[in-house]
Amino acid sequence: MKVPKEYKDLPLVPESVLRKRHDLDDLRRKNQANAELTKKGQVKKKGTYVVKPETFLAKAKNRQNERTRYQRVKKKGMMKRASNKPVEKSRDIRIGDEEDEVETIAYQANSVGASMVFAIRIREDAGKIPKEVYNIMAQLRLKSPSTGVFLKYDAVTRRHLHLIEPWVVYGQPSEGIVKDLLERKSFGNVRGEKTPLSDNTILERELGNEHGILCMEDLVHELNTVGDSFDTVSKFLWPFPLSTIHSRFEKEKLALKQGKDYGDKGEAIDDYIKMML
């Protein structure tokens, strides 16, 4: 067959490219058809999910137990296992390469007497959170799992933390941990937007004139000493995004199973924060 002159100068398209174009056109048509059916509600999810009756009974029992716990704490003002006095504990730490080279150190296992605590929301897979518990967490700005905030530890905050204790871990962090948190995970609320605090000019512009905070060292000092501008600084700081502990080693070997490790850790909160940084 003789090719007309007007088609002789046209570039030839390889057959593989034509086939690929044809397959993409088919895929595009199928996706468009599925999208139209989805809008009309004609596509149903495949498979069947069966829930055992024991699951409903267990969830109902957990809800009842949580309701009882919440009312007891609300009436008493503190958790049953909590104490109004400082609790001292000790632990062994390795100081050398040999296993027998250990040193026993004492630490405070609760936050009684502290001026400031760092609270972390945990247990993201613990099921539906009761409404009254969620309202308190929203008031403390703990709306998302694996986020942490600095809180002034007064009587009101202590009562709130006891009411939501099964869903949080909290304690008094050391000055070094506060500095690490601010240097590695800090964001500021600048005109309603989440802004990384990567430059001291941001702190100087937002907090310098009224509160005298010009750099990261000033921010660390204000939080550790719970100064006059603590409330303003803590609200300026966006809730700290921390890493979620998911691996089997971290949950079993480090005893960080959901629902097992929660509540007031005192000075031991440093180790917990280090694992989530």
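Q: In this predicted model, which residue has its backbone nitrogen 3.3 Å from a polar atom of the side chain of Glu222?
A: Glu222 lies in helix H7, which covers residues 216–225, and among the residues that Glu222 touches beyond four places in sequence are Gly227, Asp228 and Ser229. The residue whose backbone nitrogen lies 3.3 Å from a polar atom of the Glu222 side chain is Phe230.

Q: How far from Glu222 is the nearest side chain of opposite charge?
A: Glu222 is buried and has no salt bridge. A salt bridge needs a side-chain nitrogen of Lys or Arg within 4 Å of a carboxyl oxygen of Asp or Glu. The nearest side chain of opposite charge belongs to Lys152, and its distance from Glu222 is 8.1 Å.

Q: Which residues of strand S6 point to one face and are buried?
A: In a regular strand the side chains alternate between the two faces of the sheet. Strand S6, residues 187–190, shows such an alternation, with Phe187 and Asn189 pointing to one face and not buried, while the residues that point to the other face and are buried are Gly188 and Val190.

Q: Which residue in the turn between S6 and S7 has a positive phi?
A: S6 pairs with strand S7, residues 193–196, in the antiparallel sense over four bridges, and Val190 stands opposite Glu193 in S7. The two strands form a hairpin with two residues between them, and the turn residue with a positive phi, about 55°, is Arg191.

Q: Why does Arg72 count as partly exposed?
A: Arg72 is found in helix H2, residues 53–76. Partly exposed covers the range between under 20% and over 50% relative accessible area, and Arg72 counts as partly exposed because its relative accessibility is 38%.

Notes. Residues are numbered from 1 along each chain as its sequence is written. This is a predicted model: local features need pLDDT of at least 70, side-chain atom pairs count only at pLDDT 80 or more; totals for chains, interfaces and linings use all residues. Side-chain values use heavy atoms; hydrogens and water are left out. Buried means under 20% relative accessible area, exposed over 50%, partly exposed in between (1.4 Å probe, protein chains only). Two strands pair if DSSP finds at least two bridges between them. Lys and Arg count as positive and Asp and Glu as negative; His and the chain ends are not counted. A polar contact is a pair of N or O atoms within 3.5 Å; within protein, one must be able to donate a hydrogen and the other to accept it, and residues adjacent in sequence count only if both atoms are side-chain atoms. Contact means heavy atoms within 4.5 Å.
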